[in-house]
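Trainee: Before the terms are used, I would like to see what each one rests on.
Mentor: Then look at the model first.

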Amino acid sequence: MKTENQKAWFFVLPVLALVAFNALIPMMTVVNYSVQETFGNNQFFWEGLTWFEQILRSERFHAALGRQFLFTFLILIIEVPLGVAIALSMPRSGPWVSVCLVLMALPMLIPWNVVGAMWNIFALPDIGLLGYFLNHTLGIDYDMTQNPFAAWVTIITMDVWHWTSLVVLLAYAGLVSIPDAYYQAAKIDGASNWSVFRYIQLPKMKNVLTIAILLRFMDSFNIYTEPFVLTGGGPGNSTTLLSIDLVKIALGQFDLGPAAAMSLIYFAITLLVSWLFYTLMTKDDLN
Amino acid sequence: MLTWMAWTWPTALVFIGIFSAIAILCVIEVRHPGGDERKGVLGLTTTRGDRLFLSLLGTSYIFLAWLGLIGMPLWGPLALSIGWGVFCFWKV
């Protein structure tokens, strides 16, 4: 009989304990909340699955979910191609490499709430540099506090500004790991730039791009601070994404039961999309 | 000590069920290492753990869909979920 050393599993225990404390136990509490009603004071009343039924059928939840998917879809189709394009145009060697890398990393070093505040002031129509320029110099009617379209353009632009760098850095890491021999072979075969990209660079970047898309999907699907600070979910409800709505229900209205049910549905969606995506992207490698 | 977590028996049983399933998988894994990896009907290469994950994820969606579209009682989704779980461990 083949024996395997299973001792390595014990080294995972500290991580397991950490995850239990910061994820598993809070999540169990959320599951408990989701089937009860509370009025504070640590008193709970059994409600069964009423909250799930209520949330799944509420127009408000459908609208917030729709906005959330739209937001995530838009930033992904902008950030991924843009990130790859920037990575392709970055130098592979020489003194400019570090300059480019530092410049790229800068937006990611700024805390989320600061990014929100910065873009808020930047985009205000009368005092912000961008808002003033668009309104008074170019004559475009742009007011993110009044116009839902302008608010959307602003939150999308802000996210692209903040997070495209992540895709760039990951794609760049994938690009520099391609051995020169591939390019030399392509040159001998007289391959066009497009062929080099399609058959060498893109397949070699696939793994890092999978990670980049997964990270961007999960981050943007759970995004809260930046749009909250920038637009506060307005004008009206036009930029109220799922997490903003969730916090309104949980802390604004103190409806912990419905909020817990909503966060579990939210979690199930994130889990399914991430799993689907990961499985589809890594299917060929495994087979 | 656990009052702040607002435990109820039904939710506790759900978690006891999930953790027991994981514990059973661990015991099977120690006895027969390798995870019984195979390529199932969906074209996915899965281990026992993957099959449990898929069963649980599918179950939560079956229940959520039923609650959103039809509502109480929940015998229908229960039967569907058991069927889905059997399918996952048998074919996927």
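**Chain B and its contact with chain A**

Mentor: Along the sequence, chain B reads α-β-β-α-α, where helices (H or I, at least four residues) and strands (E, at least two) are DSSP runs numbered from the N terminus. This is a predicted model, in which local features need pLDDT of at least 70 and side-chain atom pairs count only at pLDDT 80 or more, while totals for chains, interfaces and linings use all residues. Residues are numbered from 1 along each chain as its sequence is written, and chains are lettered from A and ligands numbered from 1 in the order in which they are written.

Trainee: Why is chain B called more spread out than a compact globule?
Mentor: Its radius of gyration, taken over C-alpha atoms, is 16 Å, and the globule rule gives 12 Å for 92 residues, so chain B is well over the rule. That rule is 2.2 Å times the number of residues to the power 0.38. The C-alpha atoms of chain B fill a box of roughly 40 × 40 × 15 Å along the principal axes.

Trainee: What makes a residue count as buried, and what percentage of chain B does?
Mentor: A buried residue has 20 or more other C-beta atoms, placed from the backbone, within 10 Å of its own. In chain B, 13% of the 92 residues count as buried.

Trainee: How many residues does each chain give to the contact?
Mentor: Chain A gives 25 residues and chain B gives 20, two residues being in contact if their C-beta atoms, placed from the backbone, lie within 7 Å. On the side of chain A that touches chain B, α12(A) gives the most, with 7 residues.

Notes. Buried ≥ 20, exposed ≤ 12 C-beta atoms within 10 Å, placed from the backbone.
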